[in-house]
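Here's a protein for us to walk through together. Take a look at the sequence and the fold, and then we'll start with what is tucked away inside.

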Amino acid sequence: MTRLPHPVLTLSLALVWLLLANSLAPGQVLLGVLLGWLIPRFTQRFSPDRIHIHAPLVLLRFVALLFHDILIANLNVAWLILREPRQLTPAFVVVPLDLRSDLGISAFAGAVSLTPGTVSSWLSPDRRSLVVHGLHVRNPDALVATLKRRYEIPLLKVFEPC
Amino acid sequence: MLDILLSLLILTGAVFIFIGSLGLVRLDDFYTRLHGPTKATTLGVGSLLIASMIHFSLQGNGISVHEILITLFLFITAPVSAHLLSKAALHRQLRSRAPLPPLINTAETEK
């Protein structure tokens with residue numbers, strides 16, 4: 001057992017603790033770091049793979065892009081709901097995955113669900129394709145291409161550079 | 001002036017949450033209904049939380065940031081629960097307006 005199994009998780013847990021306490025008092029910082037150190041040690045068996053973030057800047061840009069897209073997607077879906085629902089053309093599309101890591105696939109599925117009128121619905125048992133349900137799909141191939149270009153390529157750079 | 005801004009944020013939030021819930025009534029199959037709660041509500045809750053952050057930060061007890069955590073937890077849990085609901089629905093082969101992809105049918109019958 002290494003002393004610090006998940007440095008990224010340690011940092012995030014400490015940050016979450018400080019946000020939860022809503023304070024930057026030295027005692028809280030110390031407690032946050034302590035929790036961030038102990039919790040990953042006790043939960044190491046659940047996530048044996050070490051998380052590597054290879055391109056932090058790409059990750060930051062990805063998060064910014066995600067917030068922007070969430071805003072657009074919200075307006076879009078709200079408009080689709082208010083319009084005549086019978087005119088919607090919902091569809092399932094299959095996105096072939098290039099991501100291989102658990103974290104990468106989860107992040108991709110989460111991004112897909114939060115953004116452009118799509119919800120990730122099903123991951124094939126061989127983890128090679130993700131089935132996505134779109135609320136109003138005009139061109140399935142274009143949708144798959146957009147999802148791969150906008151979300152999968154940055155995530156590949158962050159979690160699995162070759 | 002500030003009150004107007006806060007009221008606008010709260011109203012926007014309420015409107016989006018309402019539209020998200022309205023989606024449950026107006027849309028007509030399980031899969032399309034999933035879209036309302038996962039999307040329209042994130043913006044709704046988001047603007048309510050921004051209003052809360054501004055309001056409590058200006059009360060004089062230091063800045064209030066734990067609303068960011070609510071956003072974070074919401075953004076992690078909403079897609080996961082939507083995915084699980086949708087996966088369960090596909091497994092039970094619920095009625096769907098969109099044709100199911102052949103991939104799922106073969107995998108489900110092989111089990």
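In chain A, 34% of the 162 residues count as buried, where buried is 20 or more other C-beta atoms within 10 Å of a residue's own, exposed is 12 or fewer, partly exposed is in between, and C-beta atoms are placed from the backbone. This is a predicted model, where local features need pLDDT of at least 70 and side-chain atom pairs count only at 80 or more, while totals for chains, interfaces and linings use all residues. Residues are numbered from 1 along each chain as its sequence is written, with chains lettered from A and ligands numbered from 1 in the order in which they are written.

Now for the layout. Chain A splits into domain 1 (7-46) and domain 2 (56-159), with bounds from an automatic or database domain assignment. Their centres, taken over C-alpha atoms, sit 31 Å apart.

What about the inside? The largest nonpolar core (buried Ala, Val, Leu, Ile, Met, Phe, Trp, Tyr and Cys residues joined through C-beta atoms within 7 Å) has 31 residues, and Val93(A), Phe108(A) and Leu155(A) are among those with the most contacts inside it. Chain B joins in too: its helix H4 (67-91) is one of the elements giving two or more residues to this core. (Helices are DSSP runs of H or I, at least four residues, and strands are E, at least two, numbered from the N terminus.) Apart from this core lies another, of 12 residues, including Ile81(A) and Leu27(B).
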